Amino acid sequence: MVDLQRPEFIYFDRQIRPWDDARIHVSSEAVFRGLNVFEGLKGYWQPDGSLGVVALQRHYERFQRSAKLLNMPFDYSWEEFEDAVHGIIGALAQKDNNIWVRATLYMIEGHWGLGQRTDLCLQAFQTPIERPDPIEVGVSTWKRAIDNVLPARIKTSSNYQVARLARMEGRKRGYAEMILLNSQDRVAETGGSCVAITREGRVSTPPPSEGVLESITIDIVEKLAAANDIAFERRPIDRTELHIADETAIIGTLAEVTKVTAVDDYAMPGTADLLERLADLYFDAVSTGNAAAELSCRHYT
Ligand code: PMP
């Protein structure tokens, strides 16, 4: 059995409700075709006792872009969204944990684009205060689809079928996470985070046009790199560069900046510390309210 959290409350149909009250009919496109778009948000306790959600407005904007690309009605104002996110956090936050919120917009009515109605659901889960441990990763045989098949830019569940298959492949091969290549067999991303490497004193990460989600964490890390004189670039990355990199990390809202100790059993030589420094700078930014993290903070009683 896998121990999944089952919080007491959930936001559904514009209210905080008991967990069991969030129900969707099996004939809705949300279930029938897996039609949804979503965001993963992270909240950190701050030194002043408030809880700050990282770049909430930027997540709201990407959420809207995903909905637009799938022609899903999105009728939540920024104020309503921000209040709802802080509402569910306020109902569930625990002082000794940080929190992860999954915001999902489900297509609950309509058929092939007609008569559509969506509903926002917010789930919040406890996450440890501790930073993630370094991991070993492999390169998956599964790939990211191209932009006119299943655009990586859209954060929708269909994009995570391949992530699930890669994760299961990784489990068999003894890796915690897997890197997906794109249709050109260059590096794209993992199932749930971006990939960055260090070579020749520069940090590089593939741009969205390589089959990568438009990551908010990468934008924050890029700002922190600029402020700390760390060379940072977005460019295509070959698979073999993963095997000769000085450093590798996976980067995302949940992963933060997680150091990778080996890719496909090629150990990282430890000959650079730029991603190591960026990991510290990122954690410091999100947990102490550095402007780069664009936190939305509230106090809860
Ligand atoms: N790629 C994928 C496939 C993801 O699911 C995520 C996590 N949202 C990321 C990259 C990183 O994006 P972000 O920094 O916005 O969390």
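Me: Ring pairs join Tyr60, Phe63, Phe74, Tyr76, Trp78 and Phe81 into a cluster; how many aromatic pairs does a search of the whole structure find?

Reply: Bear in mind that this is a predicted model. Rings count as a pair if their centres lie within 6.5 Å, and a search of the whole structure finds ten such aromatic pairs. One of the pairs is formed by tyrosine 60 and phenylalanine 74, which lie 5.7 Å apart from centre to centre, with 70° between the planes, an edge-to-face arrangement. This pair links distant parts of the chain, since tyrosine 60 belongs to helix H2 (residues 56-69), whereas phenylalanine 74, 14 residues apart from it, lies in the loop between H2 and helix H3 (78-92).

Me: Are tyrosine 60 and phenylalanine 74 buried or exposed?

Reply: A residue is called buried when its relative accessible area is under 20%, and both tyrosine 60 and phenylalanine 74 are buried.

Me: What sits over the ring of tyrosine 76?

Reply: A ring can also have a charge over it; here the charged end of arginine 14 takes that place, 4.1 Å from the centre of the tyrosine 76 ring. The charged end of arginine 33 sits over the ring of tryptophan 112, 3.9 Å from its centre.

Me: Which residues are closest to the ligand?

Reply: The ligand is surrounded by 16 residues, of which Tyr160, Glu189, Ser215, Thr217 and Thr253 are the closest. A polar contact is a pair of N or O atoms within 3.5 Å, and a polar side-chain atom of serine 215 lies 2.6 Å from an oxygen atom of the ligand. For threonine 217, a side-chain N or O atom is 2.5 Å from a ligand oxygen atom.

Technical notes: Residues numbered from 1 in each chain as written. Predicted model: local features only at pLDDT ≥ 70, side-chain atom pairs only at ≥ 80, totals over all residues. Heavy atoms only, no water. Near = heavy atom within 4 Å. Polar contact = N/O pair within 3.5 Å; in protein donor to acceptor, adjacent residues only side chain to side chain. Phe/Tyr/Trp six-rings, centres within 6.5 Å; stacked < 30°, edge-to-face > 60°. Helix = DSSP H or I, 4+ residues; strand = E, 2+ residues; numbered from the N terminus. Buried < 20%, exposed > 50% of the residue type's maximum accessible area, 1.4 Å probe, protein only. Lys NZ or Arg CZ within 6 Å of the ring centre and 35° of its normal.
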